[in-house]
Amino acid sequence: MALSGLDIYRLLPKTNCKKCGSPTCLAFAMKLAMKKASLDQCPDISEEAKKALDQASRPPIATIAIGTGDDKVETGGETVLFRHEKTFYHQTAIAISVDDTLSDSDLTGKVKSIEEMSFERVGQHIVIDMIALFNTSNSAEKFVNALDKVISNSKKAIILISENPKAIEAALKKYPDKRPLIYAATSDNLREMCELSKTHKAPLTLKANGLEELDKLSMEAASLGVGELILDPCPGTLNQALNDFTQIRRLSLKKNYRAFGYPVIAFVKDKDKYQIVRQACTFIAKYASLIVVDSLEREVLLPIITLRQNIYTDPQKPVTVEPKLYQFGSVDENSPFMVTTNFSLTFYTVAPEIEASKIPAYLLVTDSEGMSVLTAWAAEKFTPEIIYETMKKFDVEKAVSHKKMIIPGYVSVLSGKLEDVSGWKVMVGPKEASGLPKYLKEVSTNVAAV
Ligand code: SF4
């Protein structure tokens, strides 16, 4: 059980010396209880208290780093079951599988395709996170040769997939600084794999037949000194996966059960496109921290990435675009002028419709702290004063000469006051962005006469 702030306080020196950065020992104890501070920030704590508090100061789910440099993947570190309780910290990493039985040219081609695969969505550039190299040949030599090809064509973090300790060892020795994820230690090879994990400072996956065996493996790995673990209970069905992953997440967060306090990996084994999406999305929603997929088809990856982006967007920090005056096409002083908020999804819904209209136009984006139009209006973040101030800030009067602005249909209520504040004529646009092409064609034929 996690200790309360008062339980922790009883074990602290109680000198209120402030060396930890907190004004009092009690304040520090409260931060520790909320996992917002680390025990080593108090230099005066006794060894005995340290031991007792270790459990309280450790996060319920460890954060595990795989790879190095800019392409390093961090996974785990979650503190809540549901995103709305706080936020999720590390989005599910997506690995695409390759195989050491592929010919050199096929393997290189696939790795290059993984490297090039990317998506633009609501202003974010999204790429594949990792490559999972399968040792299907069971030959250490072929495994290392394939790894050579992967590493010479990609900097992505790597999962080494083999239950053959010799193959894993050869790969780790060849590339000592890459910090790949080892997959996997089983009940048959645990000691050897733990040794490799410790020697090469590479995180290790525990692969077990169900939760009971996984529990035993995890405790054994901990007793062997391995603390950077990923868990795979090898569920046989999607239903079982949902059950196992939820149990692991609940036990680690609600009961602070250390043996399950690690990220989970899941393999999408189906070949059918729809089933791949169904499985991957279920794993992302509940509660895989890494998934391995054997597909490079955009129509398969896009829905998976979209779901992940939606779940792992911090609800307290909406995705925004830069507030400024955007231009679409060859604008001039007679071009229509519209205004909206800086919620990314709003902008990226409106922008393509303006482009589709083929009417050169201006779009002023105000700073609404990432709220959509109606929410921003209700929160008084999209008011006539804010709109007019933003117009002045971005010199809209110099850009257009007609002094007419188009506001979103949902906030028609702003019209009167906005006209009073700005002195501009306010026109109410369509409620939905999809109505913009027709609307712009109508108003742009003679904007001065509108
Ligand atoms: S450094 Fe330790 S003793 Fe000093 S205030 Fe912080 S918790 Fe208390």
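**A three-domain chain and its nonpolar cores**

Of the chain's 450 residues, 40% count as buried. The model described here is a predicted one. Its C-alpha trace spans about 80 × 65 × 40 Å along the principal axes, and the secondary structure comprises 17 helices and 17 strands. Among contacts between residues at least 6 apart in sequence, 65% join residues at least 24 apart.

The chain is divided into three domains: domain 1 covers residues 5-57, domain 2 residues 63-312 and domain 3 residues 325-449. The centres of domain 1 and domain 3, taken over C-alpha atoms, are separated by 53 Å.

A ligand is present in the model, with 13 residues around it. Those that come nearest are Cys17, Lys19, Cys20, Cys25 and Cys42. By class, the shell around the ligand consists of seven nonpolar, three polar and three charged residues.

The interior can be followed through its nonpolar cores. The largest has 77 residues, and Ile131, Leu133, Ile159 and Ile291 are those with the most contacts inside it. Apart from this core lies another, of 37 residues, which includes Ile387, Tyr388, Met391 and Met405. Isoleucine 159 illustrates the packing around one residue of the largest core. Once neighbours within four places in sequence are left aside, isoleucine 159 is in contact with Ala95, Met130, Ala132, Leu133, Pro180, Leu181, Tyr183 and Val292.

Tyr183, one of these contacts, also takes part in an unusual feature of the backbone. The peptide bond from tyrosine 183 to alanine 184 is cis, with omega near 15°, and alanine 184 belongs to strand 8, residues 181-185. A cis peptide bond also joins lysine 286 and tyrosine 287, where omega is about -20°. Tyrosine 287 lies in the loop between helix 10 and strand 12.

Helix 10 itself runs over residues 273-285. Its 13 residues reach 18 Å from the first C-alpha to the last, close to the 18 Å expected at 1.5 Å a residue. Within helix 10, Ile276, Val277, Gln279, Ala280, Phe283 and Ile284 are buried. The buried residues of this helix pack against helix 9 (238-254), strand 11 (265-267), strand 12 (290-293) and helix 11 (298-312).

Two loop residues other than glycine have positive phi values. Asparagine 138, with phi near 60°, lies in the loop between strand 6 (130-134) and helix 5 (140-153). Because 14 other C-beta atoms lie within 10 Å, asparagine 138 is partly exposed. Cysteine 234 has a phi of about 50° and is found in the loop between strand 10 (229-232) and helix 9. Cysteine 234 has 17 other C-beta atoms within 10 Å and is therefore partly exposed.

In strand 15, residues 361-366, leucine 363 offers a further view of local packing. Leucine 363 has 19 other C-beta atoms within 10 Å, whereas 20 or more would be needed for a residue to count as buried, so leucine 363 is partly exposed. Not counting residues up to four places away in sequence, leucine 363 touches Tyr326, Phe328, Met338, Thr340, Val350 and Ile354. Phenylalanine 328 is 35 residues from leucine 363 along the chain, yet the C-alpha atoms of the two are separated by 7.9 Å.

Technical notes
Residues numbered from 1 in each chain as written. Predicted model: local features only at pLDDT ≥ 70, side-chain atom pairs only at ≥ 80, totals over all residues. Domains from an automatic or database assignment. Near = placed C-beta within 6 Å. Nonpolar A, V, L, I, M, F, W, Y, C, P; charged D, E, K, R; others polar. Core = buried A, V, L, I, M, F, W, Y, C linked by C-beta atoms within 7 Å. Buried ≥ 20, exposed ≤ 12 C-beta atoms within 10 Å, placed from the backbone. Contact = placed C-beta atoms within 7 Å. Helix = DSSP H or I, 4+ residues; strand = E, 2+ residues; numbered from the N terminus. Expected span 1.5 Å × (residues − 1).
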